[in-house]
Each structure stands twice: as C-alpha cells, then as structure tokens.
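The following note sets out points for a colleague reading this model. They are numbered so that each may be checked in turn.

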Amino acid sequence: CAHVHALHNAYLHRQGLPIERRLSMHGMGYDMVERPLIRHDETMRLDRNMAIVCHPGVSNERLFVHNTDIYFIEEHGVSECLHRTPKQLIQLDS
C-alpha cells in the first residue's frame, strides 16, 4: 500500500498536481473505511477479494472535483468499476 501511495503521488507530481495528503484510497467492508489504507505508513498488503475505494479529489479557490470508484482486487488485477455512474463531469449550479 505504501508503494501504491508513492506511485500515485509521483504521478500527481509529474502532472503538476498537488500530492495526495488525504486518505483517498482504502479498503471498504462493513465500515466505510477499513484497512488496508493506501498511504505512506500502511503495512497491510492488498490481497484478492478485497474491496478498494478510490476517491481522489482536487480543489483550489474556485472548485472542488471529487469522484468515488469501487473495485475488487481479483486474481489477475482489479475488477471493472462496481458502480455504473457515467464517467463524466457533472456540474452542480447553486
């Protein structure tokens, strides 16, 4: 998990985006947030049949962008996203 966290932050840095300081990826079970936690100090390993939630966000003084995707760790990688919400920008006007 610490390695995944480091790779993710390296990618964000290469894209000119701020590195992730929140808990934006974690396991999901009976509780909303469960280990493993994708962050620098996690010692638990990812394994098959785990549900992993990814909800990165980017914000500045004008906007906040957030999404949530849920995947299962399968024998040869990750499943398709478990929800069917279209992968598109949705703007909410006040």
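Which residue stands opposite E34 in β2? The residue is G27, and the first point takes up the strands concerned.

1. Pairing of β1 and β2. The model is a predicted one. Strand β1 covers residues 25-27 and is joined to β2 by two bridges, the two strands running antiparallel. G27 is placed opposite E34 of β2. Two bridges are enough for a pair here because the rule asks for at least two between the strands.

2. The sheet. Five strands make up an open sheet, with antiparallel pairing and the order β2-β1-β3-β6-β7. The edges are taken by β2 (34-37) and β7, and each of these has a single partner strand, so one side of each has no neighbour in the sheet.

3. Overall composition. The protein contains one helix and seven strands. Read from the N terminus, the elements follow the order α-β-β-β-β-β-β-β. Along the principal axes, the C-alpha atoms fill a box of roughly 40 × 30 × 25 Å.

4. Surface, burial and contacts. The accessible surface of the protein is about 7600 Å², and carbon and sulfur atoms account for 55% of this area. Of the 94 residues in the protein, 27% are buried. Among contacts with a separation of 6 or more, 33% are between residues 24 or more positions apart.

5. The largest nonpolar core. Nine residues form this core: C1, M25, I38, M50, I52, C54, Y71, I73 and C81. Two elements, β3 (51-54) and β6 (69-74), give two or more residues to it. For C81, once neighbours within four places in sequence are set aside, the contacts are D69, I70, Y71 and K87. Y71 thus appears both as a contact of C81 and as a member of the core.

6. A nonpolar patch on the surface. L17, V58, V65 and L89 together form this patch, with about 370 Å² of accessible area between them. L89 lies in the segment that follows β7 (77-78). Its relative accessible area is 79%, and L89 is therefore classed as exposed.

7. Salt bridges within short stretches of chain. What is the count of salt bridges in the protein? There are four, and two of them are described in this point. The side chains of E20 and R22 form one, with an N to O distance of 3.1 Å. E20 is buried, at a relative accessible area of 8%, whereas R22 is partly exposed at 35%. In another, R39 is bonded to D41, and the closest N and O atoms lie 2.7 Å apart. Both partners are partly exposed: R39 has a relative accessible area of 35%, and D41 has one of 40%.

8. The R48–E75 salt bridge. Here the closest N and O atoms are 3.7 Å apart. This pair links distant parts of the chain, for R48 lies in the loop between β2 and β3, E75 lies in the loop between β6 and β7, and 27 residues separate them. R48 is partly exposed, with 48% relative accessibility. E75 has a relative accessible area of 56% and so counts as exposed. The two residues fall into separate classes because the boundary for exposed is over 50%.

9. Backbone features to inspect. Where is the cis peptide bond that involves P36? It joins R35 and P36, with omega at about 5°. P36 belongs to strand β2, one of the two strands at the edges of the sheet. A further point concerns N49, which is not a glycine and yet has a positive phi of about 70°. N49 is located in the loop between β2 and β3, the loop that also holds R48. At 68% relative accessibility, N49 is exposed.

How values were computed: Residues are numbered from 1 along each chain as its sequence is written. This is a predicted model: local features need pLDDT of at least 70, side-chain atom pairs count only at pLDDT 80 or more; totals for chains, interfaces and linings use all residues. Side-chain values use heavy atoms; hydrogens and water are left out. Patches are made of residues with over 30% relative accessible area and no salt bridge: like charges are joined within 9 Å, nonpolar side chains (Val, Leu, Ile, Met, Phe, Trp, Tyr) within 5 Å. Accessible areas come from the Shrake-Rupley method with a 1.4 Å probe; for residues, only the protein chains shown count as cover. Helices (H or I, at least four residues) and strands (E, at least two) are DSSP runs, numbered from the N terminus. Buried means under 20% relative accessible area, exposed over 50%, partly exposed in between (1.4 Å probe, protein chains only). A nonpolar core is a set of buried Ala, Val, Leu, Ile, Met, Phe, Trp, Tyr and Cys residues joined through side-chain atoms within 4.5 Å. Contact means heavy atoms within 4.5 Å.
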